[in-house]
Amino acid sequence: MLRAPLPLVSALLLAGLLAGCSSAPEDKTANWSPNRIHSEAKDEMNSGAYDKAVPLLEKLEGRAAGTPLAQQAQIDKAYAHYKAGEKAQAIATLDRFMKLHPASPALDYALYLKGLVNFNDNLGLFSFISRQDLSERDQKAAKDSFEAFSELATRFPDSRYAQDSRQRMTYIVNSLAQYEVHVARYYFQRGAYVAAIGRAQVAVADYQGVPALEEALYILIQSYDALGMTQLRDDTRRVMEKSYPQSAYMNGGLKGKSDPWWKVW
């Protein structure tokens with residue numbers, strides 16, 4: 001077996017190492033101050049280049065560790081992830097920030113941003129065709145959003161973000177109630193009256209004073225009637241007549257698909 005001379009092997013290994021070093025990407029921020037990195041990251045975010053802002057903010061977080069600028073970098077990074085549509089990364093960054101800085105003056109904003117990330121009401125490219133509203137989608141994000149807004153409004157009632165958080169909480173409650181009614185309507189229209197009663201009862205029991213309750217009561221009345229449960233039907237009808245004396249449901253039945261009721265923003 002042929003063997004290369006030892007000096008030659010060493011030379012080849014050294015050449016490989018040097019080649020590897022020369023191919024490593026150059027860090028253009030190596031001699032930048034933290035303030036310059038922050039400024040460059042802000043410029044990228046202002047131009048909509050959130051993917052370019054994130055690595056700059058990560059460098060800033062490391063170089064300015066232990067300073068308010070590092071905290072700002074975390075918040076900005078979460079916002080950049082949010083605007084880039086990277087929901088999981090945004091939530092993870094915010095959770096880490098709140099764990100590391102529980103007394104930060106920016107904690108109210110962190111909670112507000114977490115609520116916004118989960119609140120995302122973008123219905124997608126084809127929503128105008130399907131006419132799908134938020135009440136017909138998975139509700140976990142809505143509940144997570146409500147919890148973040150609720151914590152903000154409770155812990156920081158005078159925050160500049162508190163009023164908007166309360167308005168969004170109202171919207172979310174309406175959406176969650178409408179979701180239950182949407183499912184109840186689905187079952188009712190397919191003759192699954194027991195299932196329809198179950199979902200309508202959830203709306204009536206868990207949500208108060210929301211627009212969806214009128215339809216929930218109507219579905220209960222009709223479902224009880226279809227099952228021959230006359231006592232429950234009559235009791236629910238009395239509640240309906242007292243709460244909604246001019247109810248269009250009692251005269252016109254279930255309404256068809258219309259423009260989304262929920263669009264506020």
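Is Glu151 buried, partly exposed or exposed? Glu151 is partly exposed, with a relative accessible area of 34%. Keep in mind that this is a predicted model, and let's go through it view by view.

**Figure 1. The whole chain is built from helices, with 13 of them and zero strands.** Walk along from the N terminus and you meet one α element after another, in the order α-α-α-α-α-α-α-α-α-α-α-α-α. The chain has 265 residues, and 40% of them count as buried. Now look at contacts between residues with a separation of 6 or more: 58% of these contacts involve residues 24 or more positions apart. As for the outside, the chain exposes about 15,600 Å², with carbon and sulfur atoms supplying 54% of that area.

**Figure 2. Arg155 and Glu151 meet in a salt bridge.** Here is the residue from the opening question again, now with its partner. The side chains of Arg155 and Glu151 come to 2.8 Å, N to O. Both residues belong to helix α8 and are four residues apart, so about one helical turn separates them. Arg155 is partly exposed, at a relative accessible area of 45%, and Glu151 is partly exposed too, at 34%. Side chains of opposite charge can pair when their charged atoms come close. The structure holds 13 salt bridges, and the next two views show others.

**Figure 3. In helix α2, Arg36 forms a salt bridge with Glu40.** The N to O distance for this pair is 3.9 Å. Once more the partners are four residues apart, about one turn of the helix. How open are they? Arg36 has a relative accessible area of 41%, so it counts as partly exposed. Glu40 has 26% and is partly exposed as well. Ser39 is also found in helix α2, which covers residues 34-46. With a relative accessible area of 38%, Ser39 is partly exposed. Try tracing from Ser39 to Leu56: they are 17 residues apart along the chain, and their C-alpha atoms are separated by 9.7 Å.

**Figure 4. Lys77 and Glu61 form a salt bridge between two helices.** Their closest N and O atoms are 3.4 Å apart. Lys77 sits in helix α4 (residues 68-83) and Glu61 in helix α3 (residues 50-63), so the pair links distant parts of the chain, 16 residues apart. Are these two residues buried or exposed? Lys77 is buried, with a relative accessible area of 10%, and Glu61 counts as buried at 12%. The cut-off behind that word is under 20% relative accessible area. Arg96 joins in as well: Glu61, Lys77 and Arg96 are linked in a network of salt bridges.

**Figure 5. Tyr109 and Tyr161 form one of the aromatic pairs, of which the count comes to 10.** A pair of aromatic rings is described by the distance of the centres and the angle of the planes. For Tyr109 and Tyr161, the values are 5.4 Å centre to centre and 50 degrees between the planes, which makes the pair tilted. Tyr109 lies in helix α6 (residues 107-119), while Tyr161 lies in the loop between α8 (140-155) and α9 (162-189). That puts the partners 52 residues apart, and the pair links distant parts of the chain. Tyr161 is buried, with a relative accessible area of 18%. Leaving out residues up to four places away in sequence, Tyr161 touches Asp108, Tyr109, Tyr112 and Leu152. The C-alpha atoms of Tyr161 and Phe149 are separated by 9.1 Å, and these two residues are 12 apart along the chain.

**Figure 6. Phe119 and Tyr171 make another tilted aromatic pair.** Their rings are 5.0 Å apart, centre to centre, with 55 degrees between the planes. Why does this pair tie together separate parts of the chain? Phe119 lies in helix α6 and Tyr171 in helix α9, so the pair connects parts that are 52 residues apart in sequence. Both Phe119 and Tyr171 are buried. Phe119 has a charged visitor, too: the charged end of Arg168 sits over the Phe119 ring, 4.8 Å from its centre. Finally, put this view together with the previous one: ring pairs link Tyr109, Tyr112, Phe119, Phe149, Tyr161 and Tyr171 into a cluster.

Terms used
Residues are numbered from 1 along each chain as its sequence is written. This is a predicted model: local features need pLDDT of at least 70, side-chain atom pairs count only at pLDDT 80 or more; totals for chains, interfaces and linings use all residues. Side-chain values use heavy atoms; hydrogens and water are left out. Rings of Phe, Tyr and Trp (its six-membered ring) pair if their centres lie within 6.5 Å; planes under 30 degrees apart count as stacked, over 60 as edge-to-face and the rest as tilted. Buried means under 20% relative accessible area, exposed over 50%, partly exposed in between (1.4 Å probe, protein chains only). A charge sits over a ring if NZ of Lys or CZ of Arg is within 6 Å of the ring centre and within 35 degrees of the ring normal. Contact means heavy atoms within 4.5 Å. Accessible areas come from the Shrake-Rupley method with a 1.4 Å probe; for residues, only the protein chains shown count as cover. A salt bridge is a side-chain nitrogen of Lys or Arg within 4 Å of a carboxyl oxygen of Asp or Glu.
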